[in-house]
Each structure stands twice: as C-alpha cells, then as structure tokens.
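Subject: Structure handover

Hello,

Please find the structure below. My notes on what turned up in it follow straight after.

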Amino acid sequence: MAFHSCGLLLCLLSTLVSKGFVEVKASHSIYSHLQALQSTSTIQPYRTSYHFQPPKNWINGPMIYKGIYHLFYQYNPLGAVWGNIVWAHATSTDLVNWRHHNHAIWPSQPSDINGCWSGSATILPSGKPIILYTGVDKENHQVQNYVVPKNLTDPFLVEWVKPPKNPLMASTSMNQINSSSFRDPTTAWLGPDGRWRVIVGNKRNRRGIAILYRSKDFLNWNQAKRPLHSAKDTGMWECPDFFPVSISSPNGLDTSMIGSTVKHVLKLSLDDTKHDYYTIGTYNYQKDVYIPDKGSVDNDSGLRYDYGKFYASKTFFDNEKGRRVLWGWINESSSVTEDISKGWSGVQAVPRTIWLDKSGKQLVQWPAEEVEQLRMNRVDSRNKVLRGGSTLEVTGITAAQADVEISFEALDLGKAEVMDPSSTDPQVMCSEMGASVKGKVGPFGLLVLASKGLQEYTAVFFRIFKGKNKYVVLMCSDQSRSSLNEENDKITYGAFVDLDPVHEKISLRSMIDHSIVESFRGRGKSCISARVYPTLAIDDGAFLHAFNYGSKSIRISRLSAWSMNEAQIK
C-alpha cells in the first residue's frame, strides 16, 4: 500500500509495502494542499510514550540483521497527512527503544519516480538482505523494484543502493496484470527445488489475487501460470503476508520452512474494509498453491489479527530468539484538522509474538516480552467481589500510561441472558449493548482513560450469554464515551471469545498509552486496538477503574497493574 508501508513499513527484514498511487483514493484521502503543513503546537496530550512513532508528521514496515532490529516505515517528512512518501528507517536492540536514521529509500529513478510504496525484506542464505518494494513509475504504473545495502559490514544498514536492473516485475501486454493494483511484494521463500518464490497483491475486477513469481537468482523473476491463491468478491489484496507456523510449538519458523509439522498462514489487508484477515491452511509446494483449511473463512467475515484499528501488518522471523514477530499500523481516529494541529499521524502497535493456537484453528498473539522492561510501580489486588453496578478504582499507577492484567470469574452463570440466535455480528452487538447498557452477567471489565467524574472513559468489557449448547462470551471495546470532542471517530469494536467460562477465568490485558488502548483477551486469542482522544482524561486527569454494570456479581481473582516508563525513541 502507499499509505503505510504495510505496517510502519516493517522491515525487521521483512518490510511492508504500501499501496499504489493510481488507486490511492481507494485507501487514502489525498490532501495535496495540506501535505506540507507543519504544526506549531507544543502541547501533546495524545502523543504516545512507549509506542513507536517518528518525531512528527505522517507515518505508516521489520527485520533483524546481525542482532539489530530494523523498522522501515512510510513517512511524510513534510506534513501530517499522506503524501511526499519516503521509506524512513529506525533500528533497535530490544524492539522498545529506537534510533532514527537517514531515510532508506526515496523516489529517484524512472521505476519509482512517482512513489516508493510498501515492500518486504528477505535475508539470503549468504546473510545478505534484499528489499523488494513497489514503485510507481513515470506512467503511474505499479512495478516491483529492489534495493541492497551499500555496506554489509554496517549492522545499522544506513545506506541502500538501487541497482540498475529495476524494475524486476511489471505489467506487460503478455501477462495483462492490472498495473493500478499490483503492489506489496512479500518476504520471499526458498523452495526445495532451489527457486525463490514471492507473492504480490493484485485484483481482477472484484477477485483478490496473490500473484506468484519464481526466481533462481532473486533477480530474474517469472510469473507462475496460476496464483498462489485467489478469492472472489474480496477486492484488492494489500500487504499480503505468507508464512509457516508450527503445529506443535509456539516457536517461530523461518519463512522457507515446509513439512508435515507445519501449517501456513496467508494474511491479507483488504483495501475495501481496511482490516487485516487471515486463513490457516496447507501449502502444496509441488503445485505452488495454498489451500485454506476447511472452516477457515476466505473473506472479510474471517479471522482477524485484531478486531479494532490494525492494518497493513507484517511479520518477520526473529532468528535470534526463535519467534515470529508481528507489527501493525494503528491509524488515527481524529480529524485531518486535528492531525495537522498536533503535527503527527499514525502509530505502530506494540510488537507482538505470534504463533498457532493448540486447536490449530487460529493464531495467538501477545506483546513481545521486551515491552515489560518498561513496567514500574506495580500494584496488585486479589479476590475482590464487584457487585452489580459497582466500580473499583485502581490507584498507585499512572493511568494514562499503564499496563494492566486482570482476571474475572462469573459467580452466577445460570442467570446469564439467552443469546438471540440472530445476533451473529459481535461489533453490532457491542454497538447496541455498550458499557452503559446494563445486563445480567456483564458488562464487566475496565474503564480506561476515565475522567474523574466518568464523563469520559473507554470501556473494555465482557458479556456472557447462554447459547444453544454453551455459553457465549462477547468482548467489546466501547469508545462511544471516550471523548467530549464529537469530531472524533468513536466507533465500538467487538469479537466473540473462544472460552468456556464454567472452567476458565476471563482474563484481560490492556496496554494504555495516552491515545491508544490495546487489549488482549487471555493469552491473545482475541485482540482489539483503539485510538481515543479524551479532553478531560489527559495525563494526571486520567483514571483507571474495574467495573461491573451487570446485575450479577463478578469476582476479580487477580489484578496487577504497572505504570509504564517512556521508551527512548530518538
């Protein structure tokens, strides 16, 4: 994609690619008269403290090389809206504290003169990294280019070179590729036959397509006769990601791994909905096709990494720690006018470790362990009963910049409301039954970024219903009362939770960072990220509460909360 190099243009050596320029209106609004406006504001109540973002202006990719993490991201150096995009570059030794470098890629040749969009990085067996990225050429056609490091002995890889053999992949009269929707090459994988494979997002009419290319030398690429995968009525597939996961271990796998103990994941960022969806399935490497498992839904009603604001994500294999790490882009919910006023737009979610659940039916994700180094001033509470209609303030922490883990037990499940069989959309259910709508077993959860008198709050909560043969647990993130500023997008998000409340506690982790609330149910089976902009619940005016607005009592079996220190991003 063009707006955010598939995440923050994660190139932790598997960078994300942005989208095409010709169809940019489908994904981004273009404000040509605003692209170079600069803010003069020094008051920054919504700027995050431990999420990655550049010092100013608009952002929107990851890799590890010689022990150094690299994050490449699409960035407007001149303004807080989309435009003037370059590939900015930052490095880290711990995924938390970052150092900015000079821009890595910018328009400078015929094959990218109108834009350097998203892409991915691949580490060759020799250890040499190569970045594939989408360029917009002088005819406004989307083509695939590559760059290589100028100095391989430099672990920070501060300089990149564009070889003359660009572009590597392009639309021709023979292949009839739609050059206005041809972008975001993935990290490449090496097959047993010694040939490299890579996929590029595309569409034909309403059919989304992952075009497959093969190469013996990484420079001369041939399009396969058939795509790796396609699906009707899904629109443009942006920022595809294709990677293996172990069926027996949470450890990550190299992108080229195949075998009987491996499943594959195909993630797609759907341009039509601005959400990331994925399927789990089988990669037939003899035929070079991907087949989703039965029950793995292949459209916009399927599984999502995150049921809130989370788009253009990208994973990379961290060979140093044997894990797969996920990055995702969280865009703003404020107006363009507000973005220009505050002088920046767009933030990365905290890096997450991702693996296959024991059921084999979904992925699980959890904030990377390094984030916990920022925790301080821990407070704990145990075995507190929240009666119907009550709240419990969590004190002793900085509520605007916190990490909270809490576990609940329902004490009277038999009184749960009967699930309406026609209720199948969790987001609609959460919108109709927000935190202020009293129920029986729920709503209960956390009120975060709450003002002193609760005029403002963001509610992350659960409701429990009686289904046909089991209990149904609904998780919601309700932003409807997050701000007195009515110009903000205050949409409510929701997801069904895969758990049995008879035998399992309902656990929640919320990471709060001034204008971001990232929430994880359990060990990350359900995740919801939100952007909020309170007018009262700012800095010392923000408070945190556990609450139960249902009529039946709920027990807090465990609550631990920490203030979060500020990450060093310079």
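Let me start with the aromatic rings. The count comes to 23 aromatic pairs. Rings of Phe, Tyr and Trp (its six-membered ring) pair if their centres lie within 6.5 Å; planes under 30 degrees apart count as stacked, over 60 as edge-to-face and the rest as tilted. One of the pairs is tryptophan 189 with phenylalanine 242. Their centres lie 5.0 Å apart, the planes meet at 55°, and the pair is tilted. Tryptophan 189 sits in strand E11 (residues 189-190) and phenylalanine 242 in strand E16 (residues 237-246). That is 53 residues apart, and the pair links distant parts of the chain. Strands (E, at least two residues) and helices (H or I, at least four) are DSSP runs, numbered from the N terminus.

Tryptophan 189 and phenylalanine 242 are both buried. Buried means under 20% relative accessible area, exposed over 50%, and partly exposed in between (1.4 Å probe, protein chains only). Phenylalanine 218 and tryptophan 221 make an edge-to-face pair, because their planes stand at 80° with the ring centres 5.2 Å apart. Both of these residues, phenylalanine 218 and tryptophan 221, are buried too. There is also a cluster: ring pairs link Phe52, Tyr73, Tyr75, Trp98 and Trp327.

Some background before you go further. The model is predicted: local features need pLDDT of at least 70, side-chain atom pairs count only at pLDDT 80 or more, and totals for chains, interfaces and linings use all residues. Residues are numbered from 1 along each chain as its sequence is written, and side-chain values use heavy atoms, with hydrogens and water left out.

Now the overall picture. The protein chain has four helices and 39 strands. Its radius of gyration is 23 Å, which agrees with the value near 25 Å for a compact globule of 570 residues. That radius is taken over C-alpha atoms, and the globule rule is 2.2 Å times the number of residues to the power 0.38. The C-alpha trace spans about 70 × 55 × 40 Å along its principal axes. Of the 570 residues, 61% are buried.

Next, strand E35 (residues 506-513). Eight of its eight residues are buried, so the strand is largely enclosed by the rest of the structure. Both faces are covered. Ile506, Leu508, Ser510 and Ile512 lie on one side, with Ser507, Arg509, Met511 and Asp513 on the other.

What pairs with E35? E29 is joined to E35 by eight bridges, and the two run antiparallel. Two strands pair if DSSP finds at least two bridges between them. Glutamate 405 has arginine 509 in E35 as its bridge partner. Strand E36 (residues 516-521) also pairs with E35, again antiparallel, over five bridges. Here methionine 511 stands opposite glutamate 518 in E36. E35 and E36 form a hairpin with two residues between them. In that turn, histidine 514 has a positive phi of about 65°.

There is an open sheet as well. Four strands form it in the order E6-E7-E8-E9, with antiparallel pairing. Strand E6 (116-123) and strand E9 (160-161) are the edges, and each pairs on one side only. Six bridges join strand E7 (residues 129-136) to strand E8 (residues 142-149). Valine 136 stands opposite glutamine 142 in E8.

A few loops deserve a look.

- Cis peptide bond: asparagine 166 is joined to proline 167, with omega about 0°. Proline 167 lies in the loop between E9 and strand E10 (182-183).
- Cis peptide bond: glycine 442 is joined to proline 443, with omega about 10°. Proline 443 is in the loop between helix H4 (426-432) and strand E31 (444-450).
- Positive phi: asparagine 205 is at about 60° although it is not a glycine. Asparagine 205 is exposed, with a relative accessible area of 68%.
- Positive phi: aspartate 288 is near 55°, and it is a residue other than glycine. Aspartate 288 is buried, with a relative accessible area of 2%.

One last spot is aspartate 412, in the loop between strand E29 (401-410) and strand E30 (417-418). Aspartate 412 is partly exposed, at 30% relative accessible area. The C-alpha atoms of aspartate 412 and valine 441 are separated by 7.5 Å, with their positions 29 residues apart along the chain.

Best wishes
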